[in-house]
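User: I would like to go through this model with you and ask, term by term, what justifies the labels attached to particular residues. Please set each value against its cut-off where the reasoning needs one.

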Amino acid sequence: MSVTVKILVLVLAIGGALVYRNVSQLWGDLPAPKLDTQQWWGDAAQPKDYAAYLANNSEVIGNRLSYPEKTITDLFGRLNRTLRLTPPLEGVAFEYGFNTNYLKEVVEYWRDDYLPRWREREVFLWQFNHFTTDIQGLRMHFLHLMVYDDNKVGKHHYPVLLLHGWPGSVREFYDLIHLLHQTNLDKNNKYIFDVIVPSLPGYGWSEGTSRTGLGPAQVAVIMSNLMARLGYNKYFIQGGDWGSIIGNHMATLFPDNVLGYHSNMCTNMNPKSQVIGALAGFWPSLFVPSGFEDFFFPKSRALAFLIEESGYFHIQATKPDTVGAALTDNPVGLAAYILEKFSTWTNPSYRGLPDGGITKRYTMDTLLDNVMIYYLTNSITTSQRLYAEAYSKEQRELQLDRVPTPVPTGCARFKSDIMHNLDIQMKDKFPNLIHSTYHKQGGHFAALEVPKVLHKDFLEFVQKVEQKFRVKPL
């Protein structure tokens, strides 16, 4: 071998090593970061003696929050004002956002039909046991349903943590809660669950923080501490939207506590996964079961849809307080902003309907229950801040998407959801992806729209976890 060839080989070897090192730095696996499980988010100064704080503030308190008549009367007055809305353009339904002609009908129903029945709706909302407890300085709200001993007989009994997202709330899960908890015992269903459904920090009745830095990873710590407070060391997690991301982080940061993680918004946003997804577009049939290619491809259509529907995302990730100020004490604007998502994210074709199709899959009472939670708790601004914190420099530097987790994982895809990842993308982070399903009907709010389908999918996942990992019921 000549000297020139030897030098060339050496240069190529060094160059290859440098490229490998740089690529590994960009998308190689990383160890899980260590987060402070006692990080303080309360308004008061952090206690010097944290053990004493826990001893004095760990009580779980039952709540049945109610609102005085003057609050409801005030809301009625706001809805009774003359609406000076700009008419929609000719031939435009929901393509430009919430159709203002239909918004007038929504406001009329809210004011004249729903509000006079508010005490009835209030009873409905409090049908489950509501509790609050102090976690890391924040007053956290949650629903908690425990299975009676008699109902456990002959059943496989587990705890499950249900995590909602934006612009949802605990209200999304009401039908699913009944199914999981078996309010009406089903002799043909051998699975029964203790169900824990928290309001995320800054959502609904859970207190928001006045400090910066409370992103999805830190919320995962709070949720882990909540489950420990309630005495659960092993549990399943189910979630969509932010609930999926927070559940993902819990499985990553606390794998020993999570029996299985089931998501109905399956994503892995690390660089390697995104490259794999782009390359898969050249050979779709190699990566997707036959008949489900249109969940993912063509990529140009999926990208166009994301661009069209992510305007809210950019605003909330950069200026959440600005849009929050516009929606606070503005029930009509708040309803339009929230309900529009229950149109497009349920089925993008509904944009072409003058009513946005919002009552095709949900009742108006159900939708207004959710709006009322945001309005009465004044939580629209604090809920939106999660977007800004999720994309802060500090949160991005955690690089949790590059940390693999051994936790058994299940992915339920619903056709009309806002985005989907392939199994090959998911397995890069979730090597134990043991359950992957496709549902032609359903969108982003699966728990609210198709609770029976989601319940069946979740039970199939739990059964696979039992079989493959020899997990035993409580």
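User: At which residues does UniProt place the feature "active site"?

Analyst: Bearing in mind that this is a predicted model, the UniProt record, an unreviewed entry, places that feature at D241, Y387 and H444. Of these residues, D241 and H444 belong to the lining of the largest cavity.

User: What makes H444 count as buried or exposed?

Analyst: The term buried is kept for a relative accessible area under 20%, and H444 has 4%, so H444 is buried. The residue sits in the loop between β9 (433-439) and α20 (446-449).

User: How do you know that the side chains of H444 and D241 are joined by a polar contact?

Analyst: A polar contact requires a pair of N or O atoms within 3.5 Å, one able to donate a hydrogen and the other to accept it; the side chains of H444 and D241 are joined at 2.7 Å, and the pair therefore qualifies. Leaving aside neighbours within four places in sequence, the residues in contact with H444 include D241, N264, M265 and W345.

User: Why is Y387 called buried?

Analyst: Y387 has a relative accessible area of 2%, and because the cut-off is under 20%, the label buried follows. Y387 is found in helix α17 (residues 380-390), and, apart from neighbours within four places in sequence, Y387 is in contact with W166, D241, W242, Y312, F313, Q316 and A317.

User: What lines the largest cavity, and which residues lie nearest its centre?

Analyst: The lining comprises 13 residues, with E172, G240, D241, N264 and H444 lying nearest the centre. By class, this lining has five nonpolar, six polar and two charged residues, and the volume of the largest cavity is about 90 Å³.

User: What is the make-up, by class, of the lining of the second largest cavity?

Analyst: That lining divides into three nonpolar, two polar and six charged residues. Asp, Glu, Lys and Arg are the residue types that count as charged, and among the lining residues of the second largest cavity are D29, K272, D401, R402, D428 and K429. The volume of this cavity is about 40 Å³.

User: Why does D369 count as buried, and what joins its side chain to that of R121?

Analyst: D369 has 0% relative accessibility, and since buried means under 20%, D369 counts as buried. A polar contact of 2.6 Å joins the side chains of D369 and R121, a value that lies within the 3.5 Å cut-off. D369 is found in helix α16 (residues 364-377).

Definitions and conventions
Residues numbered from 1 in each chain as written. Predicted model: local features only at pLDDT ≥ 70, side-chain atom pairs only at ≥ 80, totals over all residues. Heavy atoms only, no water. 1 Å grid on protein atoms, 1.4 Å probe; cavity = no way out; pocket = protein on both sides within 12 Å on 5 of 7 lines; lining within 4 Å. Points joined across faces, edges and corners; volume = space filled by probe spheres on them. Helix = DSSP H or I, 4+ residues; strand = E, 2+ residues; numbered from the N terminus. Buried < 20%, exposed > 50% of the residue type's maximum accessible area, 1.4 Å probe, protein only. UniProt positions renumbered as here; feature names shortened; annotations may be inferred. Contact = heavy atoms within 4.5 Å.
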